[in-house]
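User: Please take a close look at one part of this model, and then place that part against the rest of the chain. Keep the sentences short.

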Amino acid sequence: MSLDQATSAELSGTSAPAKREGTRIVGPIAVGLALLSAFVTFVVLADLTPIAPTHYVVVSLLLANATTVLLLLGIIVREVWQVVQARRSGRAAARLHVRIVGLFSIIAAAPAILVAIVASVTLDRGLDRLFSTRTRAAIENSLIVAEAYLRDHAQIVRSDILVMAFDLSRSKAIIEGNPEQLKQFLTFQAAVRGLAAAIIFDGDLKEVARADVQINQTFALPPREALPTISDKEPQLVLLPDTNYVAAMIKLQNYDNRYLYVTRLLDPRVVPQLRETRASVSEYIAIEQRRFGVQVAFGLMYTVIALIVLLSAVWLGFNFANKLVAPIRRLIGAANAVSEGNLFVRVPVRQSEGDLAHLGETFNRMTQELRTQRDDLVRARDVIDTRRLFTEAVLAGASAGVIGVDSFGNVSILNRSAEKLIGFTEAQAIGKPLIEVFPELAGIMLTAKHGGRTQDQVTINRAGRERNLSVRVTSERSGASDHGYVITLDDITELVTAQRSSAWADIARRIAHEIKNPLTPIQLSAERLRRKYGKVIVEDRGVFEQCTDTIIRQVDDIRQMVDEFSKFARMPKPVIAGEDVADTVRQAVFLQRVGNPDLEITAETSESPMPAQIDRRLISQALTNLIKNATEAVAAVPPEELTKDGGKGTIRVFAAREGNDIVIDIVDNGIGLPRENRNRLMEPYVTTREKGTGLGLAIVGRILEEHGGGLELRDAADKIPGQRGAWMRMRFAAAGKPPARAANETETAAAVAVAEKTTNE
């Protein structure tokens, strides 16, 4: 069975078709039989048939009528129970069903009840004239006296058993574990109170203890089914017919499932009188019934016929109400199912229901349309979810930073690469204005909003590092007046540095080639002039000597600078081998300490070896250049400033391993590094010293790049709080330089396209 069919079956109530069909058949048959029985009873008692209304015939007819009444009553009770259950469970149209059934029941019952009251009053008054009130009163009073005697004894037994139960509960600690003492207690209580029996039994009717009373009579214990009804507060009295005793039972407190049962014998002279009184009353009633059999028969006939007609009318009202409410209930149930999201529900349509059937057909068409539309929406949602997951995967794996900005200028998307670049996590940036998260993009965003240039380069400074970013802004115009933007960030710091280094290397190579050639002739010419004419020139000889010395000295300086150019232009290829970085650092620091005895140069490294795949000569050269820069920075500090630091310049070198990298920190208390354009100090020919060539840090950076690392320029206070000076960090891979990876332009372009699409959605 499909879901549609199952839901329809549920609404139409066909989950138990045999049961429903049986109810539909039994109801009309019962009503027909009841009406037929009432008609036959009427014609027989009215002497309209050859059948004489004898006692046997009348009783048979009344029994037949009673059977049909009970059958009708059972059917109606079942219908009422179903209506009540539907009302309690909040079933659809339950209130309407109750109102309709109640209305029909009142209309059918009111006239019958009114006629029954009038007939009963009339019949009672007629019968009262035929019977003697004194005789009835005497018989009834004798029965009352006998019953009063029984009640008095029952009250005595009640008092006795309450006192005994109380004494047993109070003496539990003494007699519970001593059966003999318990028996003696019961025997004493029975003797004192004149009881015929005192028995303690458990929940299985197993006797625990019995009073030793000498009497030749047995007493029936209560059935096991009656034990749960016995309370430990109020005893239960037992007045059995045709017995000469009264009994009482109570559950003992503080005992585990124990019961006390006591009996008291009645006066043997009263018991026969009680039986005779009851027999007399029964006989009087029998005589009264036989004497007025005809009147009673007619009264019963009227009652039975009235009940039959009344119950038949009530059943017809139920049947009409069910037929009227059933389609409404199906519609309400189907509407509730639709409100809960079940669009497969269908209302069974029966053409015999008229306008309600048309309403059901309209409802089914509506659910069909809703189901079709929901299926389309679900498919569209699945497609969107698939695209969203794909988009998130692409953005998360893209090397380019991607930032989505909504129409209000707030950040809506931020991938991992963008988090690393701007220094904000996604949770911190989402929902905040872009100019607050990334103020460097304010200008280009303003230009992009006015339709200007959407691609530019910006320089940012995060965590003391300066980066060059290529920024591209793309707007998603979907026809609306407001739209979002997608910003793509590419870190081109290394590319720019490499381009500048390459350009400067080419310039250095050309300068070295063009300048180096005439240097030797110039120096030789100056030396020859000094040798040949030094003794000849008498006038202004000192000036001549000074000029030739200046030429020779300046040529040497130029040759040294040209050698630096040559070194930068033709960096030797590193020879990678397994070396101990800690030993390399200690040797380099030792040489500089010997060359600068007035400075305090220390090395703080691990005593154990620090193996790495490096070119020892190049790493030593880079470290030496940085220590030389540090010595020059310390020398530039005024003496009065050094006195604050103990009057001596200090250079501290730290070497450690961080993950897969080797880190060497050089911290001095010199003049420090400029904050603006700090990263440009690693470019060729950029220097802050008067006689510096600007190639030292550039060469160090080239060496570290060849080792898979780089150079970081920071303030000494970041390493040692409160200290003046610079902090230069060498970082390179311990396992050697990894294979270079080409920039994946296709990946970046795909990330941009996906981000644009995501922002639009």
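Analyst: Buried here means under 20% relative accessible area, exposed means over 50%, and partly exposed lies in between (1.4 Å probe, protein chains only). The model is predicted: local features need pLDDT of at least 70, side-chain atom pairs count only at pLDDT 80 or more, and totals for chains, interfaces and linings use all residues. Residues are numbered from 1 along each chain as its sequence is written, and side-chain values use heavy atoms, without hydrogens or water.

I take the part around strands E1 and E5. Leu205 is a good place to start. Leu205 sits in the loop between E1 and strand E2 (207-210). Helices (H or I, at least four residues) and strands (E, at least two) are DSSP runs, numbered from the N terminus. Leu205 counts as partly exposed because its relative accessibility is 26%. Its backbone stands out. Most residues other than glycine have a negative phi. Leu205 is not a glycine, yet its phi is positive, about 60°.

Asn257 repeats the theme. Asn257 also has a positive phi of about 60° without being a glycine. It lies in the loop between strand E4 (245-251) and E5. Its relative accessibility is 33%, so Asn257 too is partly exposed.

Now the strands themselves. The count of aromatic pairs comes to one (ring centres of Phe, Tyr or the six-membered ring of Trp within 6.5 Å; stacked under 30 degrees between planes, edge-to-face over 60, tilted for the rest). Phe201 and Tyr259 form that pair, and it is stacked: the centres lie 5.7 Å apart, with 20° between the planes. Phe201 belongs to strand E1 (residues 197-202) and Tyr259 to strand E5 (residues 258-265), so the pair ties together parts that are 58 residues apart in sequence. Both rings belong to buried residues: Phe201 is buried, and Tyr259 is buried as well. The loop residues Leu205 and Asn257, in contrast, are partly exposed.

Other parts of the chain give some context. Ser470 is placed in strand E9 (residues 465-475). Its relative accessibility is 14%, so it counts as buried. Beyond its neighbours within four places in sequence, Ser470 is in contact (heavy atoms within 4.5 Å) with Gln455, Asp456, Gln457, Thr488, Leu489, Asp490 and Ile492.

The helices give two more views. Ile29 lies in helix H2 (residues 17-45). At 49% relative accessibility, Ile29 is partly exposed. Helix H20 (residues 696-706) is largely enclosed by the rest of the structure, because eight of its eleven residues are buried. The buried set is Leu697, Ala698, Ile699, Val700, Gly701, Arg702, Ile703 and Leu704. Gly708 follows just after H20 and takes a positive phi of about 75°. Gly708 is a glycine, whereas Leu205 and Asn257 are not.

Finally, the whole protein. It has 22 helices and 17 strands. Of its 761 residues, 38% count as buried; Phe201 and Tyr259 are among the buried residues. Consider contacts between residues at least 6 apart in sequence: 64% of them join residues at least 24 apart. The stacked rings, in turn, connect E1 and E5 across 58 residues of sequence.
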